[in-house]
Amino acid sequence: MHKQRAVEDKPGAKWPRLLTSAFVAFFLAACDEQEVLEEGAYSVPDPTRAVIDYAESALPADANLASIYERSCFTCHSRAGSGAPLTGHARDWEARAGKGGLDKLLRSTKQGLNAMPAMGLCFDCSDSELIAIIEFMARDAAE
Ligand code: HEC
């Protein structure tokens, strides 16, 4: 009996398990932290003066798209400080698209996103019209 307890209490018997759980806890914490960092990693330089000027006046070349854009998207996406990604601020659009690409951008336009109303206020727009306008807005002002 005495001997058995001595074995149980031997530090070497317990340590490996304690160490393992300490490592697991450490790695879990590290993973959590990384996820938070990645979520917060959305950081894009402010639009330059040239981008702001471009956004104030650029229109899609296609007349139909231009009229949709002017009537629906322009109010917010042409004005710096509106909270909307600026037309021509390609870095912002790229970061927003991320891995989901155009599909992701189309989805958030249709559903609405925070201050952006669903369909970007163009309720009779088709997917292809929205996509064409998003492509236009996401193009680099300098190109
Ligand atoms: C009333 C203002 C407003 C109008 C009108 C508007 N938007 Fe937006 N839009 C925003 C704001 C604000 C954001 C940024 C939302 C956020 O990230 O919180 C945004 C973001 C977006 C995004 C990026 C979505 C993402 O996943 O990050 C797309 C794409 C977009 N708008 C497309 C359009 C299109 C196309 C139109 C016109 C058909 C339009 N918007 C009209 C305000 C507007």
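Helices make up the whole of the secondary structure here: the chain has seven of them and zero strands. Walking along the sequence, the pattern simply reads α-α-α-α-α-α-α. The model is a predicted one, and the chain runs to 143 residues, of which 20% count as buried.

Helix α3 is a handy place to see how burial plays out within one element. This helix spans residues 49–57, and its buried residues are V51, Y54 and A55. Looking down the axis of α3, these buried residues fall within an arc of 100 degrees, so they line one face of the helix. The spacing fits a general rule: an α-helix has 3.6 residues a turn, so residues three or four places apart point the same way. Over on the other side of α3, things are turned around, with R49 and S57 exposed. The helix thus has one face lined by its buried residues and exposed residues on the other side.

Next comes the way some of the helices pass each other. The axes of α6 and α7 come within 10 Å, and they cross at roughly 115 degrees. That angle puts the two at the edge of the range from 65 to 115 degrees that counts as roughly perpendicular, and α6 and α7 are therefore described as roughly perpendicular to each other. Their crossing is right-handed.

Helix α7 also meets α4. In this case the axes come within 11 Å and cross at roughly 60 degrees. Since roughly perpendicular starts at 65 degrees and roughly parallel means under 35, α4 and α7 are oblique to each other. As for handedness, α4 passes α7 in a right-handed crossing, and the crossing of α6 and α7 is right-handed too.

These three helices turn up again around the ligand. A shell of 25 residues surrounds the ligand, and the closest are C73, C76, N114, M116 and G120. Helices α4 (63–77), α6 (101–111) and α7 (127–138) each supply at least two residues of that shell. Of the helices, α4 gives the most, with five residues. In chemical character, the shell divides into 15 nonpolar residues, eight polar ones and two charged ones.

Put together, the picture around the ligand is of α4, α6 and α7 each contributing to the shell, with α7 crossing α6 at roughly 115 degrees and α4 at roughly 60 degrees.

Note on methods: Residues numbered from 1 in each chain as written. Predicted model: local features only at pLDDT ≥ 70, side-chain atom pairs only at ≥ 80, totals over all residues. Near = placed C-beta within 6 Å. Helix = DSSP H or I, 4+ residues; strand = E, 2+ residues; numbered from the N terminus. Nonpolar A, V, L, I, M, F, W, Y, C, P; charged D, E, K, R; others polar. Buried ≥ 20, exposed ≤ 12 C-beta atoms within 10 Å, placed from the backbone. Arc of directions from axis to C-beta. Axes fitted to C-alpha atoms, helices over the stretch in contact; angles between N-to-C directions. Parallel < 35°, antiparallel > 145°, perpendicular 65-115°, else oblique. Left-handed = near helix turned anticlockwise from the far one by under 90°.
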